[in-house]
Amino acid sequence: MQAIISASANETEYVKDSLVTFEKMPILIHELVTIELWNEKIFSQLFKIDFKPKNSFIIYLILYHEATLVNLLETVLFHSEVVISMEDSIYDLIDYIQRKMSHQIRKLVEFLSILS
């Protein structure tokens, strides 16, 4: 949240600076890919076994964590020094984006085929 507030107010972006200084960008990308893998391998299996948890808050937190990471990356990747600090993890981010875009396009095509 602080990253968005600082960016929108044109203030010093302490969150961005900390992520770059302490080399945390590759860790954020790793977290993003790990959550995606969990969604694909574990979460999808929960639906197949008709899983009915008493409390769905944990699942919500995992899905919310992915959305929060994407939002944080969107905010800080505006700056070139952040992109440079990502080193080889930028390729993992590009792969992640490509998979998400392909999934959305596939869903759109399925939806349009249902309409026609």
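The largest pocket in this predicted model holds about 240 Å³ of space. Its lining consists of E36, N39, E40, S44, R99, K100, S102, H103 and R106. Two elements give two or more residues each to that lining, α3 (25-48) and α6 (89-115). Of the elements, α6 gives the most, with five residues. As for chemical class, five of the lining residues are charged, four are polar, and none is nonpolar.

Now the second largest pocket, with about 180 Å³ of space. The residues lining the second largest pocket are M1, A3, I4, V15, Y64, A67, T68, N71, L72 and T75. Here the elements giving two or more residues are α1 (2-8) and α4. The top contributor to this lining is α4, with six residues. What is the split by class in the lining of the second largest pocket? Seven residues are nonpolar, three are polar, and no charged residue takes part. Set that beside the largest pocket, where the lining has no nonpolar residues and five charged ones.

Last, the surface. F57, Y60, L61 and Y64 make a nonpolar patch of about 440 Å². Y64 has come up already, in the lining of the second largest pocket. F57 belongs to helix α4, which covers residues 57-76. Is F57 buried, exposed or partly exposed? F57 counts as partly exposed because its relative accessibility is 45%, and partly exposed is the class between under 20% and over 50%.

To recap α4: F57 of the patch is in this helix, and α4 also gives six residues to the lining of the second largest pocket.

Note on methods:
Residues are numbered from 1 along each chain as its sequence is written. This is a predicted model: local features need pLDDT of at least 70, side-chain atom pairs count only at pLDDT 80 or more; totals for chains, interfaces and linings use all residues. Side-chain values use heavy atoms; hydrogens and water are left out. Patches are made of residues with over 30% relative accessible area and no salt bridge: like charges are joined within 9 Å, nonpolar side chains (Val, Leu, Ile, Met, Phe, Trp, Tyr) within 5 Å. Accessible areas come from the Shrake-Rupley method with a 1.4 Å probe; for residues, only the protein chains shown count as cover. A salt bridge is a side-chain nitrogen of Lys or Arg within 4 Å of a carboxyl oxygen of Asp or Glu. Helices (H or I, at least four residues) and strands (E, at least two) are DSSP runs, numbered from the N terminus. Buried means under 20% relative accessible area, exposed over 50%, partly exposed in between (1.4 Å probe, protein chains only). On a 1 Å grid over the protein atoms alone, a cavity is a set of points where a 1.4 Å probe fits but cannot get out, and a pocket is an open set with protein on both sides within 12 Å along at least five of seven lines; lining residues have an atom within 4 Å of a point. Grid points are joined across faces, edges and corners, and a volume is the space filled by probe spheres set on the points. Ala, Val, Leu, Ile, Met, Phe, Trp, Tyr, Cys and Pro count as nonpolar, Asp, Glu, Lys and Arg as charged, and the others, Gly among them, as polar.
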